[in-house]
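Q: I'm new to reading protein models. Could you walk me through one, feature by feature?

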Amino acid sequence: MTQANPVARALLPAARALSLIAGYLLLGLALLVTAEILLRRFMNFSLQGGDEFGGYVLAILAAFGFSYALLERSHTRVEILLERVGTGARSILNLISAWCVTVMACFMAWRAYAALSESIEYRALSGTPLMTPLWQPQILWFAGLLFFAVTSAAVALHASWLMARDRSGLNRFYGVKTLDEIIEEETVPTLEMKVQGR
């Protein structure tokens with residue numbers, strides 16, 4: 001049995017919980033849009049603000065989902081090159097990838113904090129009839145990006161440590177998923193359901 005990734009073991013429960021919250025927000029948005037369509041069609045009435053809330057929800061959803069996708073190794077990767085290099089070169093590329101993600105995540109969190117600070121300082125409101133105080137959605141957006149920055153930094157530091165001690169572990173924890181791993185992810189829940197008689 002392969003050793004579990006300690007970073008994923010520590011941070012994945014929180015990342016999964018944040019992703020579930022974002023998923024429920026998206027479900028709520030879908031219900032709001034459905035209600036809006038039905039009310040406009042049959043009652044000639046609009047709830048107002050569905051498009052505004054939709055923008056907020058999508059930004060928060062993305063921010064919350066980044067960390068989960070990183071820990072699950074679900075971010076898009078260019079596999080055609082990685083498949084053609086050896087373990088050493090692959091570990092270097094995976095380490096560079098981890099640090100590039102970290103730099104970008106920290107930059108996004110920094111800029112989100114700047115936007116949030118300005119909205120609080122100037123008491124900014126949305127340019128819509130609802131006049132939503134912008135700090136309210138921005139604080140959730142910033143929280144998701146901050147967690148992503150922390151998660152990506154932990155991944156990059158752990159990858160750096162593995163680079164010196166266990167390059168195959170670096171590739172296993174932070175490289176592209178192998179075909180066997182993808183098949184196992186897809187079949188294990190099905191097998192569990194069969195065992196439980198569902």
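Q: Let's start with helix 6: which helices do its buried residues pack against?

A: To read packing, pick out the buried residues of an element, then look for what they touch. This is a predicted model, and in it the buried residues of helix 6 pack against helix 1, helix 4 and helix 5. Helix 6 covers residues 167–174, and its buried residues are Gly-169, Leu-170, Asn-171, Phe-173 and Tyr-174.

Q: Can we look at that from the other side? What does Ser-91 touch?

A: Sure. Ser-91 lies in helix 4. Leaving out residues up to four places away in sequence, Ser-91 touches Met-163, Arg-167, Leu-170 and Asn-171. Two of those names should ring a bell: Leu-170 and Asn-171 are among the buried residues of helix 6.

Q: Is Ser-91 buried or exposed, and why?

A: Ser-91 counts as buried because its relative accessible area is 0%, and the cut-off for buried is under 20%.

Q: How far is Ser-91 from Thr-178 in sequence and in space?

A: Always keep those two distances apart in your head. Along the sequence, Ser-91 and Thr-178 are separated by 87 residues, while their C-alpha atoms are 15 Å apart in space.

Q: Where is Cys-106, then?

A: Cys-106 sits in helix 4, which runs over residues 87–122. Try the two distances again here: Cys-106 and Val-150 are 44 residues apart in sequence, and 8.1 Å apart from C-alpha to C-alpha.

Q: Why does Cys-106 get called partly exposed?

A: Its relative accessible area is 39%, so Cys-106 falls between the 20% limit for buried and the 50% limit for exposed.

Q: What about Thr-151: which residues does it touch?

A: Thr-151 is in helix 5. Skipping residues up to four places away in sequence, Thr-151 touches Leu-11, Ser-67, Leu-70 and Leu-71. With 0% relative accessibility, Thr-151 counts as buried.

Q: Is Glu-36 buried or exposed?

A: Don't guess from the residue name; check the accessibility. Glu-36, found in helix 1, has 11% relative accessibility, so it counts as buried. Beyond its neighbours within four places in sequence, Glu-36 is in contact with Phe-45, Ser-46, Leu-47 and Gln-48.

Q: Let's zoom out. How many helices and strands does the chain have?

A: Read the elements in order from the start of the sequence. There are seven helices and zero strands, which gives the pattern α-α-α-α-α-α-α.

Q: Why do people care about the spacing of residues along a helix?

A: An α-helix has 3.6 residues a turn, so residues three or four places apart point the same way.

Q: How does the radius of gyration of the chain look next to that of a compact globule?

A: For 198 residues, a compact globule would come out near 16 Å, but this chain has 21 Å. Its C-alpha trace spans about 60 × 50 × 30 Å along the principal axes. Buried residues make up 32% of the chain.

Q: What share of the contacts join residues at least 24 apart in sequence?

A: Taking contacts between residues at least 6 apart in sequence, 73% join residues at least 24 apart.

Q: Last one: where is the confidence lowest and where is it highest?

A: Check this before trusting any detail. Helix 7 (residues 179–195) has the lowest confidence, with a mean of 64, and helix 5 (residues 135–165) has the highest, at 95. For the whole chain, the mean pLDDT is 86, and 92% of residues reach 70 or more.

Conventions:
Residues are numbered from 1 along each chain as its sequence is written. This is a predicted model: local features need pLDDT of at least 70, side-chain atom pairs count only at pLDDT 80 or more; totals for chains, interfaces and linings use all residues. Side-chain values use heavy atoms; hydrogens and water are left out. Helices (H or I, at least four residues) and strands (E, at least two) are DSSP runs, numbered from the N terminus. Buried means under 20% relative accessible area, exposed over 50%, partly exposed in between (1.4 Å probe, protein chains only). pLDDT is the predictor's confidence in each residue, from 0 to 100. The radius of gyration is taken over C-alpha atoms; the globule rule is 2.2 Å times the number of residues to the power 0.38. Contact means heavy atoms within 4.5 Å.
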